[in-house]
Amino acid sequence: MTEKKEPDIPATGGLLQGVGVLVTRPGHQADALCRMIEAEGGRAVRFPVLEIRGPADETGLLNAIRNLESYHWAIFISVNANNRGMQRVLAGRSWPDSVRIAVIGRRSAREAELLGCPADLVPEQRFDSEGLLALPEMQAVQGQRIAIFRGNGGRELLAEQLRARGAEVDYVETYRRVCPSHNNVGDLLRRWQAGEIQITLVNSAESLSNLEAMLGQDGQQLLQSTPLVVVSERMLSLARKAGFVQRPVLAANATDTAVFQALCNWRKQRIEGG
């Protein structure tokens, strides 16, 4: 398999010097972004708020793999769904030419291409269920069978809308998201109180909810007064409802490159604004 590589980001002369960035991504997905932050002089503080595990029951996944030809579309709802689901398919069989692939974001599209199964459909602007549903190909799905590869739980909007348009939709659970147990929450709070964290990166509503629960009441006050970088428009309203003082910084998408660029843009604005 081809080695994964993010596009290069031009160095900006230590723009993040002295900036502590709380990175909440799962441990196996945080390395590249942390290296970008540190190369720019920042301090990446790793604190995973999600852990990715295999599904509790693989029956549905195995059935979907075995009967993949019966579907018109396979939708991979996230990078984890793409990696775990598609890799599991390809470990046992080739991808059927008749089954078209749809993904939510550019990062998932890149992962699919690296696996040798380029996506047939990717939103160009809004990288969420709404963005996918707005595409013409997802309008005319009457009588089609669609498999949605995803983690446990999550939003029902995509399946509900596709069913309302006449499609038969099956969920295929490819992984579970669990809240990890940390024994260093106290250390994190001490560092935060000491002024070592200037901004937080959060990828999803579930990540934000887990982080709030793990930090407790005192930690939530620190979190709400700290700038936040999010990767979807839906997170803007969720952050507002959660009591964040400042409007979150919105990254263009969930890729390392986009999140890093949003972080640098925030820092530039802070410097220019004095």
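The following dialogue discusses helix packing and residue burial in a predicted model.

Student: How are helix α7 and helix α8 oriented relative to each other, and at what angle do they pack?

Tutor: One considers the angle between the two axes together with their separation. Helix α7, residues 185-193, packs against helix α8, residues 205-224, at an angle of about 15 degrees, and the axes are 11 Å apart. Angles under 35 degrees count as roughly parallel, and α7 and α8 are therefore roughly parallel to each other. The crossing in which α7 passes α8 is left-handed.

Student: Which residues make this contact?

Tutor: From α7, the participants are Val185, Leu188, Leu189, Trp192 and Gln193; from α8, they are Met214, Leu215, Gly219, Leu222 and Leu223. By class, the residues of this contact comprise eight nonpolar, two polar and no charged.

Student: Which residues of α7 are buried, and where do they lie around the axis of α7?

Tutor: Here one takes the list of buried residues and then the arc that they span. In α7, the buried residues are Val185, Leu188, Leu189 and Trp192. These residues lie on the same side of α7, because the arc they cover around the axis is only 95 degrees.

Student: Against which elements do the buried residues of α7 pack?

Tutor: Their partners are the strands β1 (20-23), β2 (43-46) and β8 (199-201), together with α8.

Student: Which residue follows α7, and what is its phi?

Tutor: Gly195 follows α7, and its phi is positive, near 85 degrees.

Student: Where does Gln198 lie, and how is its accessibility to be read?

Tutor: Gln198 belongs to the loop between α7 and β8. Its relative accessibility is 25%, so Gln198 counts as partly exposed. Setting aside neighbours within four places in sequence, Gln198 contacts Gly18, Val19, Gly20, Arg43, Thr226, Pro227 and Trp266. A distance can be added to this picture: the C-alpha atom of Gln198 is separated by 9.9 Å from that of Leu223, with the two residues 25 apart along the chain. Leu223 is also one of the α8 residues in the contact with α7.

Student: What is the corresponding geometry for helix α3 and α4?

Tutor: The procedure is again to read the angle, the separation and the handedness. Helix α3, residues 79-92, and α4 have axes 9 Å apart and pack at an angle of about 15 degrees. This angle makes α3 roughly parallel to α4. Their crossing is right-handed.

Student: Which residues form the contact of α3 with α4, and how do they divide by class?

Tutor: Val79, Asn82, Asn83 and Met86 contribute from α3, while Arg107, Ser108, Glu111 and Ala112 contribute from α4. The division is three nonpolar, three polar and two charged.

Student: Is Ser108 buried or exposed, and which residues does Ser108 touch?

Tutor: One compares the relative accessible area with the cut-off, and buried means under 20%. Ser108, which is found in helix α4 (residues 106-114), has a relative accessible area of 4% and is therefore buried. Beyond residues up to four places away in sequence, Ser108 touches Ser78, Val79, Asn82 and Val103. Val79 and Asn82 also belong to the α3 side of the contact with α4.

Student: Where is Ser129, and is Ser129 buried or exposed?

Tutor: Ser129 is in helix α5, residues 129-133. With a relative accessibility of 9%, Ser129 counts as buried. When residues up to four places away in sequence are not counted, Ser129 touches Ile77, Ile104, Arg155, Leu157 and Leu158.

How values were computed
Residues numbered from 1 in each chain as written. Predicted model: local features only at pLDDT ≥ 70, side-chain atom pairs only at ≥ 80, totals over all residues. Heavy atoms only, no water. Axes fitted to C-alpha atoms, helices over the stretch in contact; angles between N-to-C directions. Helix = DSSP H or I, 4+ residues; strand = E, 2+ residues; numbered from the N terminus. Parallel < 35°, antiparallel > 145°, perpendicular 65-115°, else oblique. Left-handed = near helix turned anticlockwise from the far one by under 90°. Contact = heavy atoms within 4.5 Å. Nonpolar A, V, L, I, M, F, W, Y, C, P; charged D, E, K, R; others polar. Buried < 20%, exposed > 50% of the residue type's maximum accessible area, 1.4 Å probe, protein only. Arc of directions from axis to C-beta.
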